Amino acid sequence: MSKKNVFIPDRWGNEDYEYLSALLDRTMFNVVDYSVPSTMPLQSIDYRYKVDPQIRKKIQYASFVLCSNRPANGSGIASQEIQYAVALGKPVIAVMVTKSTSSLIVNLDIPLIPCRRDSLERWVNLNT
């Protein structure tokens with residue numbers, strides 16, 4: 001079982017974190033989750049940065065970034081985290097949790113996969 005470090009961008013207004021985390025739990029990987037779920041928020045955020053340095057470090061440790069395809073505010077925290085990961089050259093994958101896909105996901109040409117364990121495993125094996 002290979003170890004994979006993952007970061008799931010902030011989407012506390014819905015159940016995307018729980019949904020994607022459960023999907024990861026069903027994979028063949030030993031997953032280390034560097035995300036910041038709402039149950040374990042950071043004590044302080046440095047708003048001078050689009051992406052807080054604490055979160056930058058978590059993204060840097062990630063083998064890949066896993067996000068949903070859910071449309072979101074283009075300037076929201078999750079969008080900024082995804083853009084930061086792309087700028088670092090981190091592999092980013094979006095899982096189809098809704099019928100509509102965020103324009104950010106489309107514009108950044110982030111691969112989109114069905115919400116299935118085998119699809120995620122195949123992508124991770126090819127891209128990390």
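**View 1. Val97 sits in the loop between E4 and H4.** This is a predicted model. Val97 is partly exposed, because its relative accessibility is 23%, and the cut-off for buried is under 20%. Look past its neighbours within four places in sequence, and Val97 is in contact with Asp16, Tyr19, Ser68, Asn69 and Arg70. Two of these partners, Asp16 and Arg70, return in View 3. Lys4 lies 93 residues from Val97 along the chain, and the C-alpha atoms of the two are separated by 22 Å.

**View 2. Helix H1 spans residues 16-25 and has buried residues.** Which residues of H1 are buried? They are Asp16, Tyr17, Leu20, Ser21, Leu23 and Leu24. Viewed down the axis of H1, these buried residues fall within an arc of 155 degrees, so they line one face of the helix. A general rule helps here. An α-helix has 3.6 residues a turn, so residues three or four places apart point the same way. What do the buried residues of H1 pack against? Their partners are four strands and a helix: E1 (3-7), E2 (30-33), E3 (64-68), E4 (92-95) and helix H5 (117-127).

**View 3. Arg70 and Asp16 form a salt bridge.** Their side chains meet at 2.8 Å, N to O. Arg70 lies in the loop between E3 and helix H3 (77-88), while Asp16 is in helix H1, so the pair ties together parts that are 54 residues apart in sequence. Is Asp16 buried or exposed? Asp16 counts as buried, with 3% relative accessibility. Arg70 counts as partly exposed, at 25%. The general idea is simple. Side chains of opposite charge can pair when their charged atoms come close.

**View 4. Two salt bridges involve residues 116, 117, 118 and 121.** The structure holds 3 salt bridges. One of them joins the side chains of Asp118 and Arg116, at 2.5 Å from N to O. Asp118 is partly exposed, with a relative accessible area of 28%. Arg116 is partly exposed too, with 43%. Another salt bridge links Glu121 with Arg117. The closest N and O atoms of that pair are 2.9 Å apart. How far apart are Glu121 and Arg117 in helix H5? They are 4 residues apart, so about one helical turn separates them. Glu121 is buried, with a relative accessible area of 8%, whereas Arg117 is partly exposed, with 38%.

**View 5. The largest cavity has a volume of about 40 Å³.** Ten residues line the largest cavity, and the closest to its centre are Arg11, Arg70, Ile82, Ser102 and Leu104. Arg70 also belongs to the salt bridge with Asp16. Which elements supply at least two residues each to this lining? They are H3 and helix H4 (103-107). H3 gives the largest share, 3 residues. By class, the lining of the largest cavity has 5 nonpolar, 3 polar and 2 charged residues. A search of the whole structure finds 2 cavities of 30 Å³ or more.

**View 6. The second largest cavity holds about 40 Å³ of space.** Its lining is made of Ile8, Pro9, Arg11, Leu20, Cys67, Ser68, Ala78 and Ile82. E3 and H3 are the elements that give two or more residues to this lining. How do the lining residues of the second largest cavity divide by class? There are 6 nonpolar, 1 polar and 1 charged. Some names are familiar. Arg11 and Ile82 are also among the residues closest to the centre of the largest cavity. Leu20 is one of the buried residues of H1. Ser68 is in contact with Val97.

**View 7. The largest pocket holds about 290 Å³ of space.** How many residues line the largest pocket? The lining has 19 residues, and Asp10, Ile45, Ile55, Ile77 and Glu81 lie nearest the centre. H3 gives the most to the lining of this pocket, with 3 residues. By class, the lining of the largest pocket divides into 13 nonpolar, 1 polar and 5 charged residues.

Terms used:
Residues are numbered from 1 along each chain as its sequence is written. This is a predicted model: local features need pLDDT of at least 70, side-chain atom pairs count only at pLDDT 80 or more; totals for chains, interfaces and linings use all residues. Side-chain values use heavy atoms; hydrogens and water are left out. Buried means under 20% relative accessible area, exposed over 50%, partly exposed in between (1.4 Å probe, protein chains only). The arc is that of the directions from the helix axis to the C-beta atoms. Contact means heavy atoms within 4.5 Å. A salt bridge is a side-chain nitrogen of Lys or Arg within 4 Å of a carboxyl oxygen of Asp or Glu. On a 1 Å grid over the protein atoms alone, a cavity is a set of points where a 1.4 Å probe fits but cannot get out, and a pocket is an open set with protein on both sides within 12 Å along at least five of seven lines; lining residues have an atom within 4 Å of a point. Grid points are joined across faces, edges and corners, and a volume is the space filled by probe spheres set on the points. Ala, Val, Leu, Ile, Met, Phe, Trp, Tyr, Cys and Pro count as nonpolar, Asp, Glu, Lys and Arg as charged, and the others, Gly among them, as polar.
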